Amino acid sequence: MGGMKLTKMSHACVRLEKDGQTLVLDPGAFSEEDAALGADAILVTHEHPDHFSEERLRTALDANPAAEIWTLKSVADKIGTAFPGRVHTVGHGDTFTAAGFDVQVHGELHAVIHPDIPRITNVGYLIDGGRVFHPGDALTVPGNAVETLMLPVMAPWSKISEVIDYVREVKPQRAYDIHDALLTDLARPIYDNQIGALGGAEHLRLAPGESTAL
């Protein structure tokens, strides 16, 4: 299988490049304004603004008339009418090909923030048979072997023990932090040490804009 390049953007957004095509996941309002620019395909896990920015999606689709979006119904309803035929609604169990990447959809609900807050739909995306898994805002275990887990490391809905146990359950070869915009630099060594020591997988972090080969 050909080489893949992973670029971490701010917060939960990542860019994957393979065979001259670019797949972008979750270019939200916490990510750079051009986070989705240059994308051939975009995947969005759910409707929260740190994962879904209509402005960033419009910028990307206007710049590339061939670019398309795959996402759940709540997001598709908000942007689909502006780009007819280019926004596809997906849900748990679906499979499709986007920009040359094979994608499986896993998961149905956002993690519990508080019992008084209704849960919304959230889907995760397994890329190329498990080379990368991005769960969005949930600790979804895809049931497939995962090489690279995009790990939501810090969120209002999680605590570090849950993050560690999630890595243990997924059993990836490596875990790269995402969902980290709320994590201060002072706290990063604590998370690095505990997840790295207890998670059972190589734990890594990329600065926004930094890339690695997978």
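Here's a quick tour of the sheet, the helices that pack on it and a few ring contacts. Keep in mind that this is a predicted model. At its heart for this briefing is an open sheet of 7 strands with mixed pairing. Helix 3 and helix 4 both come up against strand 11 of that sheet, and a search of the whole structure turns up 1 aromatic pair.

**The sheet**

- Reading across the open sheet, the strand order is 7-8-9-10-11-12-13.
- The edges belong to strand 7 (95–98) and strand 13 (202–204); each has a single partner strand, so one side of each goes without a neighbour in the sheet.
- On average, neighbouring strands here are turned by 25 degrees against each other, if you ignore direction.
- At one end of the order, strand 7 pairs with strand 8 (residues 101–106) in the antiparallel sense, over 4 bridges.
- If you want a residue to look at in that pairing, try Thr95: its bridge partner in strand 8 is Gln104.

**Helices on the sheet**

- Helix 3 (residues 160–170) packs on the sheet, where it touches strand 10 (132–134) and strand 11 (148–152).
- The direction of helix 3 makes about 160 degrees with that of strand 11.
- Helix 4 (residues 188–198) lies across strand 11, strand 12 (174–178) and strand 13.
- Relative to strand 13, helix 4 runs at about 160 degrees.

**A closer look at helix 3**

- Five names to pick out in helix 3 are Val163, Ile164, Tyr166, Val167 and Val170, which are buried.
- These residues cover an arc of only 155 degrees around the axis, so they sit on the same side of helix 3.
- What do the buried residues of helix 3 pack against? Their partners are strand 10, strand 11 and helix 4.
- Just after helix 3 comes Lys171, and its phi is positive, near 60 degrees.

**Ring contacts**

- The aromatic pair is made by Trp70 and Phe96, and it is stacked, with 5.3 Å centre to centre and 5 degrees between the planes.
- Trp70 belongs to strand 5 (residues 68–71) and Phe96 to strand 7, so the pair ties together parts that are 26 residues apart in sequence.
- Are Trp70 and Phe96 buried or exposed? Both are buried.
- There's a charge over a ring as well: the charged end of Lys18 sits over the ring of Phe101, 4.7 Å from its centre.

Technical notes
Residues numbered from 1 in each chain as written. Predicted model: local features only at pLDDT ≥ 70, side-chain atom pairs only at ≥ 80, totals over all residues. Heavy atoms only, no water. Pairing = 2+ DSSP bridges. Helix = DSSP H or I, 4+ residues; strand = E, 2+ residues; numbered from the N terminus. Axes fitted to C-alpha atoms, helices over the stretch in contact; angles between N-to-C directions. Contact = heavy atoms within 4.5 Å. Phe/Tyr/Trp six-rings, centres within 6.5 Å; stacked < 30°, edge-to-face > 60°. Buried < 20%, exposed > 50% of the residue type's maximum accessible area, 1.4 Å probe, protein only. Lys NZ or Arg CZ within 6 Å of the ring centre and 35° of its normal. Arc of directions from axis to C-beta.
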